[in-house]
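This report concerns the salt bridges of one protein model and the surroundings of the residues that form them. The sequence and structure are shown first.

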Amino acid sequence: MARPRQYNHDTLRIQVIKAAKLLLEEGGPTALTARALAKSVRTTPGTIYNLFDGMSGVLQEVNRQALVDLARLVDGVGDSEPRARLLALAEVYVGFMLDRRAVWRAFFEGPRITGVFPDWYLAQIDGLIDRIAQPITALEPKGDPRLLAEQLLLSVHGIVALAAIERLDLITRQKPMDLAHAAVERMIASIRAGAE
């Protein structure tokens, strides 16, 4: 009788997450199956399920890594004046998401894993919104900078959403980055005019 294959759990988890990202990049969310993932790391689908509590756990880890990578890039944006910083943050978000379209699709189009998002997930999203709110606060808006940051993120995200699925051209010929810049400029103009 053959003995079970021995492996290092931590090493295999890292390999599985890398392989999952690659499968997503090559074939989108539908390509991410336990069978395909197991084949790419030379293990069994059962091992994948044991390591991650199912495919939803794999997807959650891919999402975690994407959020950590995005946070690193956002943190790399310098502390310039508010307008320049907001434009740079929009550029980072658009560039990051469009450079990783398949991972973006899995992140936002994949099945909702649970009715309640994990605390780490919400903390990463909150951190992103807080980073956007900082330069908005410096503009001294009438309204709540946090709410304005949420609105700006949603505006830029909507642009990215259509661009990521290659449907932006149904509405406009403008480039995603130009539209993101325009969203930032509109918010700044509104704040400076005293409307926000």
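A residue is called buried when its relative accessible area is under 20%, exposed when it is over 50%, and partly exposed in between. R64, at 30% relative accessibility, therefore counts as partly exposed. The model discussed here is predicted, and a search of the whole structure finds eight salt bridges. Three of these salt bridges are described below.

**The pair in helix α4**

R64 forms a salt bridge with E61, and the closest N and O atoms of the pair are 3.3 Å apart. Both residues lie in helix α4, which covers residues 55-75. Because they are three residues apart in that helix, about one helical turn separates them. The two partners fall into separate accessibility classes: E61 is buried, with a relative accessible area of 16%, whereas R64 is partly exposed.

**The pairs around R146**

Which side chain meets that of D130 in a salt bridge? The partner is R146, with an N to O distance of 2.6 Å. This pair links distant parts of the chain, since D130 belongs to helix α7 (residues 119-138) and R146 to helix α8 (residues 145-164), 16 residues apart. D130 has a relative accessible area of 39% and is partly exposed; R146 is also partly exposed, at 22%.

R146 takes part in a further salt bridge, with the side chain of E150, at 3.4 Å from N to O. Here both partners are in helix α8, and because they are four residues apart, about one helical turn lies between them. E150 is partly exposed, with a relative accessible area of 27%. Through shared partners, salt bridges join D126, D130, R146 and E150 into one network.

The three pairs are set side by side here.

| Salt bridge | N to O distance | Separation in sequence |
|---|---|---|
| E61 and R64 | 3.3 Å | three residues |
| D130 and R146 | 2.6 Å | 16 residues |
| R146 and E150 | 3.4 Å | four residues |

**A further position in helix α8**

Helix α8 also contains G158. Is G158 buried or partly exposed? Its relative accessibility is 31%, so G158 counts as partly exposed. Between G158 and E185 there are 16 Å in space, C-alpha to C-alpha, and the two residues are 27 residues apart in sequence.

Methods:
Residues are numbered from 1 along each chain as its sequence is written. This is a predicted model: local features need pLDDT of at least 70, side-chain atom pairs count only at pLDDT 80 or more; totals for chains, interfaces and linings use all residues. Side-chain values use heavy atoms; hydrogens and water are left out. Helices (H or I, at least four residues) and strands (E, at least two) are DSSP runs, numbered from the N terminus. Buried means under 20% relative accessible area, exposed over 50%, partly exposed in between (1.4 Å probe, protein chains only).
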